[in-house]
Amino acid sequence: MPDVLVRVRDLKVYYPLFRGFVQRLLGGGARFVRAVDGISFEVQRGEVFGLVGESGCGKSTAGRSLMGLTPIEEGEIVLEFPSASAKPQFIRPRELKMACVAWWAVSAAYLATATYYGVSGSALFPFGLVATVPGPYVDALGIVGSVQVLLGLALWLLRPWSRRPARLVAGIGAAIAFASLPWGLLLFGVEVGILVYLGTPDPSGLVRRQGLLLPATKFTLTKDGILEGIPRAEQQTWFERWFIGPRTVRTAGFSWVLKQLRGKVQIVYQDPHAALNPALTVGELLRHALQAHAPIAPGGTRASSRLEEVNAKALKLLDDVGLRPPDQFFAKQSTDMSGGQKQRVVIARALAPKPLLLVADEPVAMLDMSIRAKVLELLLDLKEKYGLTYVFITHDLATAKLVCDRIAIMYLGRLVEAGEARRIYADPKHPYTRALLQAIPIPDPSRRTKKELPKGEVPDAVFPPAGCRFHPRCPVALPTCGWEGRDFLDYLEERWIDPSNSDEEAALGPIEDWKSEDLGASRSVRKGDPEVIVARVQAALKEAPKPLAEAVDRVALELDRVVVSFRPPARLEPKEVEGRIVECLLY
Amino acid sequence: MTLLDIEGLNVSYASRAGPIRAVISADLKIEAGQTLGLVGESGCGKSTLGKAILRILPDTATVTGSIRFAGLDLVTAEEPALRKIRGRNASLIFQDPMTRLDPLMTVRHHFLELIRAHEPDADEDDAMKRTRRVLTAVRIPPDRLDQFPHEFSGGMRQRIMIALALVFNPTLLVADEPTTSLDVIVEAQILQLLDSIKNEFEMGVLLITHNLGLIAEYAEEMAVMYAGHIAERGPVRDVFKEPLHPYTKGLLDSVIDLETRELHSIPGQPPDLLQPPSGCPFHPRCPSAMPVCTGAFPPTTRPRRDRTVACYLYPG
């Protein structure tokens, strides 16, 4: 059994921004919200892994990507589950059945004709058998058919030069070839048709072609879709090895494979009021989930499509999430329930396909204080009962401390600190972690302290800051942290709020006259005395925060612009610091 | 000096299923320069109470009792008198600044509209001078006056809301969950700002929130509401040290902070205001409920100095 359930490597999720044609022409191509910008982490079996951060840090996107709910720009997610059953399941959708019947009919007619003509009929018999096996061997038959036609043609052409007995054989051969030509062509046509029909890269097509589906245990999510791996070769039976082979599917959007993945990874949403269809009763909600993910029985029917069975399962789920008596809740409309009860229904629905991994996206954020603890307790109980692993997404470090075994703290699409929760809370290393912990209100009026809060707010994820993304707000930033032109402009703007700096604002402003490009900021000097402007800029920099001022490479006149350029940031890499991963230049 | 004196305030909403009593005989006082934290779960009537003070409830609401503020009884005051008070003597900050700022108006327009509502012939230059003063107080660069609300971040929008509330130096500020839609760091920034502004402008603040941590950090007095009733009232330090009402105890126990080792919660659900339980509405969830609790609502008593509680555990 694999101990690591989820392995995320250098994951990037970008959401494209809609921009009009003209905007694109003017603004240099497409733009993206870099929701997740290169994160790596692992989730162990049976643990509660916390993804913590402020809104817009990418924690929800990272969580959702585990379910294949987001496009992936780069990197990969590997989910490996212990295999539930090695028995292959036959998938026979109706189209496949019809295709098979048609195929067999054609093959039988072909065999009959070939047998009637004698020799070559019996010679072709094994190939005819092959024809009844849907699978990659279909192609072989096509080749045989064409070779046979060509052979017949060649024999007929060679006929005049052969000796008599040979001529007889050749004549018979030619006759057979001609007689079977229509069949061969028909066969060829049918086969081409089927191949065209099945040859689409849709994995459900693949399922149709092979007629077999193995419970997948390993999923790799990448930019191209989901690569689904069946059990490793040594775990396969000879039948699987010979007739299916290693299977990897490229897919995008909905597919059979995605559905398999969703049966193993489920999500609990933040807002229970929005997550439940108000038109359905609780029973119907659960039944949908149960039926959609029911195991498939031979012949294509769902194993438990019988209503009584599904209802019994739904009642059991309701009982498990503490909605008692279950039959009363079963008949209720979700709109008649309180927030806490609705969230329990959401949890029950997530448990319906018997998932192994549950992504809990702020499961208690919308609930009242007095019932939060109950829902958290329920989640922890269910973890034991169902053998679950959690990815717990929250903005609340206090809740994360209570429930998580390991946490990863995210800021603007990056992981800033990740490791054992115990260690991080005892001694946070990243300045952002420290800031977050400090900002939590302490429910004890006798311990009021003045908080040293980071300046400003989370920047725009379309244009993330250079270097370390936290540097503009960081209280302990270094000159090498990635200071750039816009930091200088932000500093000027902040400075000019103070009315005492209005003469400087008059000389250097307004801020719209400044342009920031890459690491520098510049302004036209056509309107004023260049020397004065440079001197003013230097004076302003003297009073600037130390790291910003020290990061300035030079202030110079270039043509008719005054340019403030910054030194490039130092390379930032995640490092191991005292048993956790930290991405900060301090270490 | 008592700034706001609420006595026996009742608010009920008419609905098809019958009246919903959202606030039931509430008594509150706010002193100048003081923050009163009003805490309760969703649906307890705390927002209704805040809106009742400025009389901005929907038409379906009926208000009785008395709200004495700025020499007026706001319950009986006529609309023109109320209009003079709103935004001038008393201001309101809402939970979600994006839905409260008009997306089609620049920040300049928001301020102009507000100032001209009270002083129809205000000079634009003068109005902008005042605007700059309040924007500086909340640290918003005044050169961004001509931008639209969507060009600001969530925290900045809320600071613009605060600046709008401050234009006329109001004596009372009602902040209805002012930071619920914001992140922890920005939340702390905004509340620190509110705190310093409160001192600078000598305002009384009614801070309505569901977060007890915020009350502990930023309020001096607090009141706990449950199902329309004020369950308990008193100085923040005393209430946190020794909660009297079983609901206050339960609420304080269920707070999750960095030092929480065990999870606690109050059994059951907050009641439906259409059919509240008889007597004390908390009795079905109360660990120390007595037979008397189901009868009538307990009288409000004063078991400690400066503190009132509505519970049969503390007879007069």
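Confidence in chain A of this predicted model averages a pLDDT of 77, and 69% of the residues in chain A reach at least 70. The spread across elements goes from strand β3 (residues 48-52) of chain A, the highest at a mean of 96, down to helix α7 (residues 203-210) of chain A, the lowest at 35. Two stretches deserve a flag before you use their coordinates. Over residues 85-94 of chain A the pLDDT stays under 50, and the model gives that stretch 31 contacts beyond four places in sequence. Residues 230-234 of chain A are also below 50, with 11 contacts beyond near neighbours in sequence.

Now for chain B. Its fold has 10 helices and 12 strands. Of the 316 residues in chain B, 58% are buried. Taking the contacts in chain B with a separation of 6 or more, 64% are between residues 24 or more positions apart. The accessible surface of chain B adds up to about 13,200 Å², and carbon and sulfur atoms own 51% of that.

How do the two chains meet? On the contact count, 53 residues of chain B touch 47 residues of chain A. Together the chains bury about 4,400 Å², with 56% of that area on carbon and sulfur atoms. There are 4 salt bridges between chain B and chain A. One of them can be named: Glu494(A) pairs with Arg139(B) through their side chains, at 3.1 Å from N to O.

Glu494(A) falls in a helix worth a look of its own, α19 (residues 485-496) of chain A. Does its length add up, or is it off? With 12 residues at 1.5 Å a residue, α19(A) should span 16 Å, and the end C-alpha atoms sit 17 Å apart, so the two figures agree. As for cover, 9 of the 12 residues in α19(A) are buried. That buried set consists of Gly485(A), Asp487(A), Phe488(A), Leu489(A), Tyr491(A), Leu492(A), Glu493(A), Arg495(A) and Trp496(A). What do they pack against? The partners in chain A are the helices α20 (502-508), α21 (530-542) and α22 (546-551), along with the strands β14 (514-517), β15 (520-524) and β17 (561-566).

Finally, some backbone oddities. Most residues other than glycine have a negative phi, and most peptide bonds are trans. Chain A has a few exceptions, including these:

| Site | Backbone value | Loop in chain A |
|---|---|---|
| Arg324(A) to Pro325(A) | cis, omega near -5° | Pro325(A): between α12 (307-320) and α13 (326-330) |
| Leu412(A) | phi about 50° | between β12 (406-411) and β13 (414-420) |
| Glu578(A) | phi near 45° | between β18 (575-577) and β19 (580-582) |

Are the two positive-phi residues buried or exposed? Leu412(A) has a relative accessibility of 1%, so it counts as buried. Glu578(A), at a relative accessible area of 49%, is partly exposed, because the exposed class begins over 50%. Each of these residues sits in a loop between two strands: β12 and β13 of chain A for Leu412(A), β18 and β19 of chain A for Glu578(A). The cis bond is placed otherwise, with Pro325(A) in the loop between helices α12 and α13 of chain A.

How values were computed: Residues numbered from 1 in each chain as written. Chains lettered and ligands numbered in written order. Predicted model: local features only at pLDDT ≥ 70, side-chain atom pairs only at ≥ 80, totals over all residues. Heavy atoms only, no water. Helix = DSSP H or I, 4+ residues; strand = E, 2+ residues; numbered from the N terminus. Buried < 20%, exposed > 50% of the residue type's maximum accessible area, 1.4 Å probe, protein only. Contact = heavy atoms within 4.5 Å. Areas by Shrake-Rupley, 256 points an atom, 1.4 Å probe, with all protein chains shown as cover. pLDDT = per-residue confidence, 0-100. Expected span 1.5 Å × (residues − 1). Buried area = accessible area lost by both parts, 1.4 Å probe.
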